[in-house]
Amino acid sequence: MIAAFAAAIMAVSPASAQPAPAALESVEPAIDAIFARWMADNHVPGMVFGIVADGHLAYVRGMGVQDIVVRRPVDGDTLFRIASMTKAFTALSILSLRDKGLLSLDDPAEKYVPEMRGWGNATADSPRITIRDLLHHVAGFVTDDPWGDRQQPLPQEDFTRLLAAGVPFARAPEMRHEYANLGYAILGRVIANVTHAPYRTYVENTLLTPLGMTASGYDVFAHPRDRRAIGYRWENETWAQEPTMADGAFNAMGGLEVSARDYAKWLGFLLSAWPPRDDPDAGPVRRGTVRQIAEGLNFQSVFHRYGASGASACPGALAYGMGWRVVSDCELGLTLNHGGGFPGYGSHVLMLPEFGVALFALTNRTYSGPSAPVWDSAVLLLQKGLLKRPVAQVSPDLARFYAAARDVWADGSVAALSGKVAVNFAMDRSDANWAKFLAETKVGAGRCETAAPLRPDSALSGTFAWECARGRIEGTVLLAPTRPITLQALRFAFVPVDRP
């Protein structure tokens, strides 16, 4: 299994070197041990975890049992409710309706949910709640775990009455992020009213069926009982079975049931949206739309990684995107994660779009969110050298100006840039001062090796580092937003290094 995983990982970055066989052999037992230890510590009856790479379920492992009576073992086909990880399906469904011109994210939610029209404003100067506010949990609702979880089977007519009675505001909308299941339940009603069909019908037709997620769905009683993980609560030093909640009005916030094999298809589809490219767009939702789920609002907070590395890793910047918690991690880059807590179930997913990899775990114990082992496994893969970013391509324009930067350094003047610079270039430093700066810098640095490749930040900017006799040159090439393409800035910074 690990050989297939390694092959898939390496396919993401064909220019990278194959890790040593010993490293590959060590990953499978190490990851298994991480999850087995967490599972025992948290009294979890059953669990499945998987790794998606190169668009496929490259590694899957079931542990424990689906139920404590018959004791059927968990495997990749066992069905688990994924709780709040359902919100990602709801958010992408909303975006797909936006793509079809059936709604706007900045529309007032009451345009599609008439029961909200009598709510009034939180304060006289507060805005009305928009679809975007609901997506990002900034509608002014109070955090409603665990109340919201128990509303899953609420009949639609009762939800209508709840909305018509009005909902108290915790604060004015758009003042801060506060996680609210109610908001996503309302998004489910938006989808139903816009499509004139049940919420689940739109998700099934738009996402589940096109992706081949044939085992998954919202009506858990229609699924084979011998494939379902029965949900349990751990209390009084024993497991007690939780009631199985029927599909109801709050299904958009947490009602989906999936198998690991099906859920991997969802993650493979999402990961395929990165990086942007010119390939045909054949998915059920456009790649550009999928990438929008990572757009968080400006209510950011500091994030400390889950798991063993959390205390020592550099803090990340966290914002809530659209159905995802979006974190900029100094080692893992852009990450999208979300947990799922539900009566009888706990789950966690971590996507690493820059590496083309995702990890997830599903359990059948109330609120047993396996975030720590998921993140610990990702860090282990990074430490073992199994996570490789694709090699970034240097645009032709950037390559051309990097060649000119080498000529500037070699010549000691900016003559090679004549007719190729933006209007600000000569204003920022004259040709004579460039010659003086280059001469002084070359004396300080000594002989430099200028063959190092440029590291692109985008199609119009990049950095480089040259090793020199007495240190190194750290440089930047920055092009201007003009046609024809011109150079707006070129930087050579000498960093001295003490040599033995």
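This passage describes one helix and the two largest pockets of a predicted model. Residues are numbered from 1 along each chain as its sequence is written. Because the model is predicted, local features need pLDDT of at least 70 and side-chain atom pairs count only at pLDDT 80 or more, whereas totals for chains, interfaces and linings use all residues.

Helix H3 (helices being DSSP runs of H or I of at least four residues, strands E runs of at least two, numbered from the N terminus) covers residues 87-99, and its end C-alpha atoms lie 18 Å apart, in agreement with the 18 Å expected for 13 residues at 1.5 Å a residue, the expected span being 1.5 Å times one less than the number of residues. Of these 13 residues, 11 are buried (under 20% relative accessible area, 1.4 Å probe, protein chains only), among them Lys 87, Phe 89 and Leu 97. Just after H3, Gly 101 adopts a positive phi of about 80°.

Pockets were defined on a 1 Å grid over the protein atoms alone as open sets of points where a 1.4 Å probe fits, with protein on both sides within 12 Å along at least five of seven lines, and lining residues have an atom within 4 Å of a point. The largest pocket has a volume of about 800 Å³, and of its 27 lining residues Trp 274, Pro 275, Glu 354, Pro 390 and Val 391 are the closest to its centre. Strand E14 contributes the largest share of this lining, 3 residues.

The second largest pocket, with a volume of about 340 Å³, is lined by 16 residues, of which Asp 145, His 338, Gly 339, Gly 340 and Gly 341 lie nearest its centre. Strand E10 gives the most to this lining, with 4 residues.

Key. Side-chain values use heavy atoms; hydrogens and water are left out. Buried means under 20% relative accessible area, exposed over 50%, partly exposed in between (1.4 Å probe, protein chains only). Grid points are joined across faces, edges and corners, and a volume is the space filled by probe spheres set on the points.
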